[in-house]
Amino acid sequence: MAFRAVDIIMKKRGSPLEPKGQELSRQELEFLIKGYVAGEIPDYQIAAWLMAVYFNGMTFDETAALTSVMLHSGRVMDHHHTDIPGLTGPFVDKHSTGGVGDKISLPLAPIVAACHLPFGKVQIPMMSGRALGHTGGTLDKLESIEGYRVGLQVEEFQRLIASTGFAMTGQTQDVVPADRLLYALRDVTATVESIPLITASILSKKVAEGSDGLVFDVKYGSGAFMKTKEDAQRLAESLVGTAKAMGKKATALITSMASPLGRKIGNFLEIEETIECLQGRGPADVMELTYALAVQMLLLGQEISQVVGTERLSADQALERCQEALSSGRALELFLQNVRDQGGHPERLMEQVGQRRSPFRREVHATQDGFLQLDAFKLGLAGVHLGVGRNRTEDAVCPDAGMILHKVQGDKVAAGDLIMEVFGQNEACLEPALALIQEAATYASQKPQEPQLIYKEIH
Ligand code: URA
């Protein structure tokens, strides 16, 4: 059947008699997306369709169909059918909707890979993104390690997963090209904040990396993409429901990003904090979230593997395995092995911990007595000035820029106490960054009730 873009837009848009429009079929969505990627349907028609979706939403089935159509616009990895010895799976990954100081992927992958389970081990094909706006990016953090390569070819990626249990790479140009085009258009047509469009965008990229199971960390709060718990829950339910509709096992945690995670924000600074975590010296919030996500990954791996007759672990037992993987030193060993695998130098890295700092340094002191409040969003924006993050995808970041928090959210401080050390990419960036940090730090007279770090699990 021959379609016309205008009819599909009209169907989604609806009319006064049918204000919510209608569900589009897979064939209609395929016609739109394939036509757009091929350059046959112009931006203005896709923009009109995006706006109709923004206002009228999509059903679960429609979101799953859009995700699948986007997924198949590019290369889809299959780790189950290769001749690489040891590439056995189950393959499970984690996705975070992003935040400030969110380095969780870095300790998480080696902890999960180091756990011995009744069925064997979970393997982690981790494909990550770069910093954008106020949120940090795993690839930029990894690239702050001298020599570390994030642009792995598929076969090398798979060999490293087979040997070390995990590998970390960026998306190649051939993964979900439809998302690159659609996201750029959404960005300039005010259609980013749509749950089905976000779901299809995130999920198509995650499914393309070849995982059998996905754990989502959906954040809410000032430093998150979703500002409220309710919106985060809607996104989490959409991600889990759509992942399942696509034949994947999935779980989501809804977690707070009202204030930054951990004590170090910055690219190399977050590598340092990762090593501290793997040495058993990590901040309580980073460890709590890392373990909670690790447990969910192990439980999904167990569900996927379904080896008849093997012992099934409870969540508490899975947590014990994670803690043992860390206390035995195996998780740190695997992290350093991954650094070696991907071109870095573990010995040099360990020598640089605590030493490598930008020379453009300032201290921030409390301006009042009270209980410190740190707004994640404003600190993230300060990070962009410092060189931790970027405003445009083509901007460079500075590996040694960042912030070390000497006091964190809820700490009681007295005027004059050192609350933060700040490191910039140059001298000029410090002034605007410090102005934002002063705005980000406020002082409450009563100890405020902190939001729970982990608000809810969605299965
Ligand atoms: N992250 C994505 O990858 N896509 C979106 O649409 C929003 C956040």
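**Exercise 1. Which residue in β10 is the bridge partner of F371? Place the pair in its sheet.**

*Ground rules.* The model is predicted: local features need pLDDT of at least 70, side-chain atom pairs count only at pLDDT 80 or more, and totals for chains, interfaces and linings use all residues. Residues are numbered from 1 along each chain as its sequence is written, and side-chain values use heavy atoms, with hydrogens and water left out.

*Step 1.* K412 is the bridge partner of F371.

*Step 2.* Assign the strands. Helices (H or I, at least four residues) and strands (E, at least two) are DSSP runs, numbered from the N terminus. Two strands pair if DSSP finds at least two bridges between them. β8 (residues 370–374) and β10 are joined by two bridges, in the antiparallel sense.

*Step 3.* Order the sheet. Three strands form an open sheet, β10-β8-β12, with antiparallel pairing. β10 (412–413) and β12 (441–444) are the edge strands, each pairing on one side only.

*Step 4.* Add the helix. α17 (residues 430–440) packs on this sheet and touches β8 and β12. Contact here means heavy atoms within 4.5 Å. The direction of α17 makes about 20° with that of β12. Axes are lines fitted to C-alpha atoms, for helices over the stretch in contact; angles run from 0 to 180 degrees between N-to-C directions.

**Exercise 2. Describe the surroundings of the ligand.**

*Step 1.* List the shell, taking residues with a heavy atom within 4 Å. Y183, R186, I198, S201, I202, K205 and F225 surround the ligand.

*Step 2.* Map it to helices. α8 (177–188) and α9 (195–208) each supply at least two shell residues. α9 gives the most, with four.

*Step 3.* Sort by class. The shell has four nonpolar, one polar and two charged residues. Ala, Val, Leu, Ile, Met, Phe, Trp, Tyr, Cys and Pro count as nonpolar, Asp, Glu, Lys and Arg as charged, and the others, Gly among them, as polar.

*Step 4.* Find the polar contacts (pairs of N or O atoms within 3.5 Å):
- R186: a side-chain N or O atom is 2.9 Å from a ligand oxygen.
- S201: a polar side-chain atom lies 2.6 Å from a ligand nitrogen.
- K205: a side-chain N or O atom is 2.5 Å from a ligand oxygen.

*Step 5.* Check burial. The ligand alone exposes 240 Å², and the protein buries 82% of that. Areas come from the Shrake-Rupley method with a 1.4 Å probe.

**Exercise 3. Locate two backbone features.**

*Step 1.* G89 and P90 are joined by a cis peptide bond, with omega about 0°. P90 sits in the loop between α4 (60–71) and β1 (92–96).

*Step 2.* V176, a residue other than glycine, has a positive phi near 40°. V176 lies in the loop between β3 (166–170) and α8.

Conventions
A polar contact is a pair of N or O atoms within 3.5 Å; within protein, one must be able to donate a hydrogen and the other to accept it, and residues adjacent in sequence count only if both atoms are side-chain atoms.
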